Amino acid sequence: MRIPPFVLAAFALAAVLPTVAATPAQFLDAFAREARQADTAFAASAARGRAFFSASHGGEWSCASCHTEKPGTPGRHAATGKAISPLAPAANPDRFTSAGKVEKWFRRNCNDVAGRACTAGEKADVLAWLLAAK
Amino acid sequence: MNPLRNTLRLAAMYAIAAACLAHSFSAHADGGKRVPDHPAWKQECGSCHVAYPPRLLSADSWRAVMAGLDRHFGADASLEPAARDDILAFLERNAGRRDTSAGGRPLLRVTQTRWFVKEHRDEVPAEVLRRPDVKSFANCGACHSGADRGVYAERDIRIPGGRPR
């Protein structure tokens, strides 16, 4: 019997997925570990994360411009008005479960808000704040 | 009754029916046509705004849009090259055949195309755009209740706050 290519592709995907899918806590650990390579005393701080999230960093937008100051509630895209589902994992269990999405959105949004890539420490702080948010 | 008059009346009815049919087809050419499905396009192009139907821009315009995703109307919408190429191929396959260029350059904004301007200029005055639930022409779903399903038919239009007077 020949196995259709899409079935093979589905099996291949299923084999890869467990290594890609993750939990928010695992992302926080990974960012904090990376931050400790530069600063051995680093510990993620929800308070710092909150401040980073609310501040504008020289540009027009802050994280909160779209995600609001209460990331447990829905946001709205600052330019297009499109609804954005809550960012806090407590309110939206899909958040921070895919390495591809985490990489993509930190890359884009840090560039939009800060005009540069975020450091691992900044990502760990923001994630600590989002995990604490209800 | 005069048989000639009857024939004329029948002919007139046929003409009217044909005209109605032709009109409904032309309206559907843009309004009622379903958007072909492509999960990556829908997911990626639909994150920050409605995934705009491919037929609204020419292939030239889509190539220009997809070449500048890292600076996409003031935001970074960059994609991994493989995802970008896959979505561009879908857009090219389903692109509109109208020319959507101006001054020899492909337009990037659907809202600047002649077709869009003609369809919306009279029906959507500035006052409607300023309404908080509308806000922007990019917000298709504000009035086109089926936009997230790719349905832009006239009968599915619901303007928040009602039609302008």
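Contact means heavy atoms within 4.5 Å. The exercises below apply to a predicted model.

**Exercise 1. Extent of the interface**

Determine how many residues each chain gives to the contact, and how much area chain A and chain B bury between them.

*Solution.* Begin with the residues: chain A supplies 15 and chain B supplies 16. Next, take the area: about 1300 Å² is buried between chain A and chain B, and 41% of it lies on carbon and sulfur atoms. Finally, look at the side of chain A, where A:Thr80, A:Lys82 and A:Arg108 lose the most area to chain B; together they make up 38% of what that side buries.

**Exercise 2. Charged and polar pairing**

State how many salt bridges are counted between chain A and chain B, and describe the one that involves A:Arg108 and B:Glu44.

*Solution.* The count is three salt bridges. In the pair named, the side chains of A:Arg108 and B:Glu44 meet at 3.9 Å, N to O. This lies within the 4 Å limit for a salt bridge. Polar contacts across the interface come to 10 residue pairs, both residues being at pLDDT 80 or more. On the side of chain A that touches chain B, the residues divide into seven charged, four polar and four nonpolar.

**Exercise 3. The setting of A:His67**

Decide whether A:His67 is buried or exposed, and locate its surroundings.

*Solution.* First, place the residue: A:His67 belongs to helix α4 of chain A, residues 63-67. Second, apply the cut-off: A:His67 counts as buried because its relative accessibility is 13%, and buried means under 20%. Third, list the contacts: leaving aside neighbours within four places in sequence, A:His67 touches A:Phe53, A:Thr73, A:Ile84, A:Leu87 and A:Asn109.

Terms used. Residues numbered from 1 in each chain as written. Chains lettered and ligands numbered in written order. Predicted model: local features only at pLDDT ≥ 70, side-chain atom pairs only at ≥ 80, totals over all residues. Heavy atoms only, no water. Buried area = accessible area lost by both parts, 1.4 Å probe. Polar contact = N/O pair within 3.5 Å; in protein donor to acceptor, adjacent residues only side chain to side chain. Nonpolar A, V, L, I, M, F, W, Y, C, P; charged D, E, K, R; others polar. Helix = DSSP H or I, 4+ residues; strand = E, 2+ residues; numbered from the N terminus. Buried < 20%, exposed > 50% of the residue type's maximum accessible area, 1.4 Å probe, protein only.
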